Amino acid sequence: MGKMGIQTIRRGQMMGKTRWRQNKFDLFTAGFTYIIALCIFLTIMMVVLKGLPSTKEALLTKEIQFSIKLSVYTSVISTIFCILIAIPVAYVLARVDIRAKQLINMLLDLPLALPPVVSGVCLLLVFGTTGFGAWLEDMGFGFVFTIKGIIISQIFVNLSFMIRVLKSTILAINPRLDFIARTLGCTPMQTFFKVTLPLSKNGIIAGTVITWARALGEFGAALMLAGATRFRTETLPISLFLNMSTGDMDAAMAAANILIIISVVSLFVFNKYGGDFIGGSRVN
């Protein structure tokens, strides 16, 4: 056997050892991933199985029905506002060259990093202890301990997320398409409505669904600004909190199960229409 043959055998042996090490590493990380996913699944299933027998009965109570109606009402309104605000802001961040863009990006992302309770405290101070808050109160737009407070809390907490999703969506669209539309005689506004917005459809759908689900489950900020009053500011998360506090586990588990079902469905829709938009990696 010549020198070249020996080198070939040694190279093959080294590649085999490398492949075996990689396979062992892949098996370890895959097993670890399965364990983590199983732990999350079992934790959620414990709540579902415990609350499922009493969910139907609890759904017939006036309290849970009120909580569902209020949650849907506030989350739909706040999501609409998030969409209307996020679309132009996301377009500016993705397509327009403005000063201090990095600083603006950081400020707009700040609510994502803040604990919701801290966001609620900030809103409470703004609307409850300042002249601006007093002026709004005199105008009939009181936000402290009101349904309006729930809506503004949901907007404040979720707007950053919606902006990020839409910005990533627009960034993933080839800017040459905008240029072609301009050369064909479209104004910037026409280009936005005829090219950018239609191509952002999947991102808008994905962002809308997950923002609505997050608004539906908003607790910390809404609790600080709107309070926890039965049959007044009692959304599903507040109902869960109040019933857990008073020991009514059936009603608490019913609220938890409803939120879990909504979360699962929303996550499925979000992943279908563009779960990678958060990272800005693609447009479906």
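**Close-up views of an all-helix model**

The protein chain holds twelve helices and zero strands. This is a predicted model, and the legends below walk through its core, its enclosed spaces and its largest pocket.

**Figure 1. The whole chain reads as helix after helix.** Followed along the sequence, the pattern is α-α-α-α-α-α-α-α-α-α-α-α. Of the 284 residues in the protein chain, 36% are buried. Take the contacts between residues at least 6 apart in sequence: 74% of these join residues at least 24 apart. The protein chain exposes about 16,800 Å², and 71% of that area comes from carbon and sulfur atoms.

**Figure 2. Helix 2 (62–95) and helix 6 meet in the largest nonpolar core.** This core has 17 residues, and those with the most contacts inside it are Ala86, Ile87, Met162 and Leu166. Helix 2 and helix 6 are the elements that give two or more residues to the core. Helix 2 gives the most, with eight residues. For a wider context, nonpolar side chains tend to be buried together in soluble globular proteins.

**Figure 3. A close look at Ala86 shows its partners from farther along the chain.** Once neighbours within four places in sequence are set aside, Ala86 is in contact with Leu159, Met162, Ile163 and Leu166. Of these partners, Met162 and Leu166 are also among the residues with the most contacts inside the largest nonpolar core. Another core, of eight residues, lies apart from that one. Leu216, Ala251, Ala255 and Ile262 are among the residues of this other core.

**Figure 4. The largest cavity has a mainly nonpolar lining.** Rolling a probe the size of a water molecule over the atoms shows where empty space is left. The count comes to two cavities of 30 Å³ or more, and about 40 Å³ of space lies in the largest. Its lining consists of Ile87, Leu166, Ile170, Phe192, Leu197, Ser200 and Ile204. Helix 6 (147–171) and helix 8 (188–199) are the elements that give two or more residues to this lining. By class, the lining has six nonpolar residues, one polar residue and no charged residues. Readers coming from Figure 2 will recognise Ile87 and Leu166, which are among the residues with the most contacts inside the largest nonpolar core.

**Figure 5. The second largest cavity includes charged residues in its lining.** The volume of this cavity is about 30 Å³. Around it sit Leu93, Asn105, Leu108, Asp109, Ile163, Arg164 and Lys167. Helix 3 (101–113) and helix 6 each supply at least two of these lining residues. The classes divide into three nonpolar, one polar and three charged residues. One of the lining residues, Ile163, appears in Figure 3 as a contact of Ala86.

**Figure 6. The largest pocket is lined by residues that include members of helix 1 (3–59) and helix 12 (249–274).** This pocket has a volume of about 150 Å³. Phe41, Ile44, Met45, Val48, Ile260, Ser263 and Val264 form the lining. Helix 1 and helix 12 each supply at least two of the lining residues, and helix 1 gives the most, with four. Six residues of the lining are nonpolar and one is polar, with no charged residues.

Terms used
Residues are numbered from 1 along each chain as its sequence is written. This is a predicted model: local features need pLDDT of at least 70, side-chain atom pairs count only at pLDDT 80 or more; totals for chains, interfaces and linings use all residues. Side-chain values use heavy atoms; hydrogens and water are left out. Buried means under 20% relative accessible area, exposed over 50%, partly exposed in between (1.4 Å probe, protein chains only). Contact means heavy atoms within 4.5 Å. Accessible areas come from the Shrake-Rupley method with a 1.4 Å probe; for residues, only the protein chains shown count as cover. On a 1 Å grid over the protein atoms alone, a cavity is a set of points where a 1.4 Å probe fits but cannot get out, and a pocket is an open set with protein on both sides within 12 Å along at least five of seven lines; lining residues have an atom within 4 Å of a point. Grid points are joined across faces, edges and corners, and a volume is the space filled by probe spheres set on the points. Ala, Val, Leu, Ile, Met, Phe, Trp, Tyr, Cys and Pro count as nonpolar, Asp, Glu, Lys and Arg as charged, and the others, Gly among them, as polar. A nonpolar core is a set of buried Ala, Val, Leu, Ile, Met, Phe, Trp, Tyr and Cys residues joined through side-chain atoms within 4.5 Å.
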